[in-house]
Structure formats: structure tokens, C-alpha cells
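Biologist: Could you take one part of this chain and look closely at how its charged and aromatic side chains meet, with the cut-offs behind each term?

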Amino acid sequence: MSEEHKAETAGRGARKGFNRESIRNVLVVAVSLSLVCSVLVSAAAVILRPLQEQNETLNRKKNVLLVAGLLEPGIDVEQTFEQIETHIVDLSTGEYTDEIDPSGFDMIEAADDPELSVAIPPEEDIAGIGRRARYAEVYVLRDDDGAVEKVILPVYGMGLWSTMYGFIALGPDGSTVQALKFYKQAETPGLGGEVDNPQWLANWPGKRIYDEEGDIRIRVAKGTVGAAGGWTGATARGGAAIFQVDGISGSTLTSRGVTNLLHYWMSDDAYRPYLEKVWKRSVEQAT
């Protein structure tokens, strides 16, 4: 048998031995492709993670500056953010703590760590978050004399379909709202999603969280807040207009979620001990 004939015979045998349509060979190819794709995706995730974290940090700073009233087109975000003091507060005492590094702390992630968080009893969990971190990052803006001008606090809680994440800015009395911003939510577009609408958010500045007795009174109304403190287009249920914000049309559960998350985070179980200390320090500095 000639060498050419032997080569041709061997080639036919090799082609015959590899059946592209056999289940085994299809599985081998599929698994191989899956492994290659997994490696590529994992490598991309590892490589891009620092950039993602950097973007998340920058976005967070932008939102803090926004509610602080310092975000303007064309500004250097990092440089402007230097005007903001970042502190970690022990929510059980309302005092600042040096035990946690603010640069590496995320209260949302900490809420999933049993050592850094506490479970919220179901009857008290009006925000629907299950657990909260023992500590929280807070941001302070001071005036030229060094007095507190406003404090910015992270807040979050369940709406109708999603957890709504935001920041609220309060004046030195710890009660007067300076601004509110939700930076992440997945409520119904055109309905509950209007919590992002600048026109609706413009209703918040000047509203108050607590009344003179210290009770939490802030709420989203079921309709339009009337000048006399009732509602127009809905049944008036009393209360003062300074504690109420116009409701979002067709979004009762989302509106209730905003009310509930604020009531939780402004309570004794969250920021209230800290806000009371902010107010007392402001009074002391004023006198």
C-alpha cells in the first residue's frame, strides 16, 4: 500500500471517529465554551470591580452634594466634597465613633453582617428592611463660623415594588427638611417612580419631621396639601401642612413607603439620638 493511500485511509478513519453530531462531542464543546466564557466573565468582573467601586463612590458623593445644595454643572466633585464632613455614628448612642473607617464602610452591606447589624422586630419594621446596621455614615456641612448648617442622612425602605434608597438633608434643628433625594428605586414609571421627579421633591424643603412634643409627624398626604393643613381632593384628617407633602397620584403604597421609611429612620431606633445631639450642640453654639 502506497504512503498516499495509507494517509488517505487514516484521514477517513479520523473523520469517521469524530462525529460532530454525537451527544458526547456536543457536550464536550458546550462545556468547553462555558468554561472559557466563565473565565472571561470572571476576569472582567475582577478587572472592572475597582472601576465600578470608584464610580459608585463618585455617584454617592454627587447625591450627597445634591441634597447639600452644592452640586452645580462643571464642578470638581472631589474638591467640592471636601466641604462635607463624613462621620460614622453609633445609632444606639447617637455619638460619633472612630471604630469604623468611613472610607470603607457601607451601611447597606453592613446590614447583612450579623456582627455589624441588628434584627428589627417585625412589629417595628415599618420600613420593611429586616435588619439595619449598628452604625451609619452621616455627612455634615458647616457654615463659615463652623456651626452646623445641615446634616445629610442615608435613608431607605420598601415602596410598592422595590427598596427605595435616598438621602435627606436636615437643618441644625434636626427637624426641618432641607432636601430629599431618592437615587435608586424601581417603582412603577409614571406612578411610584415619580419619587424621583424634581417637581415632587421640590415640595419637601421647609417641611418638619417632629412637632413641638417631639412626635414624628412628617407624612406624604393622600392628595394635595391645603394651606390650612388639611387636604384638597381628599378627606381632611387634621394636622398641619408643615408636616405634610403632596401625595403622588395613583401611588398610595409608594407614598406610604416614603412615610414609613422616614418614620423609621427618624425614630429612637435610628437617627433620633444623633439628631437630638445635633440640635443641642446648635443651641449651645448659638448661646
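Modeller: At 26% relative accessibility, aspartate 173 counts as partly exposed, where buried means under 20% relative accessible area, exposed over 50% and partly exposed in between, with a 1.4 Å probe and protein chains only. This is a predicted model, in which local features need pLDDT of at least 70 and side-chain atom pairs count only at pLDDT 80 or more, while totals for chains, interfaces and linings use all residues. Residues are numbered from 1 along each chain as its sequence is written, and side-chain values use heavy atoms, with hydrogens and water left out.

The partner of aspartate 173 is arginine 208, and the two form a salt bridge whose closest N and O atoms are 3.2 Å apart; the term stands for a side-chain nitrogen of Lys or Arg within 4 Å of a carboxyl oxygen of Asp or Glu. Aspartate 173 sits in the loop between β7 (163–170) and β8 (177–184), and arginine 208 in the loop between α5 (198–201) and β9 (219–220), so the contact ties together parts that are 35 residues apart in sequence. Helices (H or I, at least four residues) and strands (E, at least two) are DSSP runs, numbered from the N terminus. Arginine 208 is likewise partly exposed, with a relative accessible area of 28%. Elsewhere, salt bridges that share partners join Asp268, Arg272 and Glu276 into one network.

The structure holds 8 salt bridges, and two others can be set beside the one above. Glutamate 85 and arginine 142 meet at 2.6 Å, N to O, and this pair links distant parts of the chain, strand β1 (residues 84–90) and strand β5 (residues 135–142), 57 residues apart. Glutamate 85 is partly exposed at 27%, as is arginine 142 at 30%. Glutamate 78 and lysine 61 also form a salt bridge, at 2.7 Å, N to O; because glutamate 78 lies in helix α3 (residues 77–81) and lysine 61 in helix α2 (residues 23–68), this pair ties together parts 17 residues apart in sequence. Here glutamate 78 is partly exposed, with a relative accessible area of 40%, whereas lysine 61 is buried at 19%.

Strand β7, which borders the loop of aspartate 173, is joined to β6 by 8 bridges and runs antiparallel to it, strands being counted as paired if DSSP finds at least two bridges between them. Tyrosine 156 has tyrosine 165 in β7 as its bridge partner, and β6 and β7 form a hairpin with 4 residues between them. Strand β6 (residues 148–158) is mostly covered, with 9 of its 11 residues buried; β5 pairs with β6 in the antiparallel sense over 4 bridges.

The aromatic side chains complete the view. Rings of Phe, Tyr and Trp (its six-membered ring) pair if their centres lie within 6.5 Å, and planes under 30 degrees apart count as stacked, over 60 as edge-to-face and the rest as tilted. The structure holds 10 aromatic pairs. In one of them, the ring centres of tyrosine 139 and phenylalanine 167 are 6.2 Å apart and the planes stand at 75 degrees, so the pair is edge-to-face. Tyrosine 139 lies in strand β5 and phenylalanine 167 in strand β7, so this pair ties together parts 28 residues apart in sequence, and both rings belong to buried residues. One aromatic cluster has among its members Tyr139, Tyr156, Tyr165 and Phe167.
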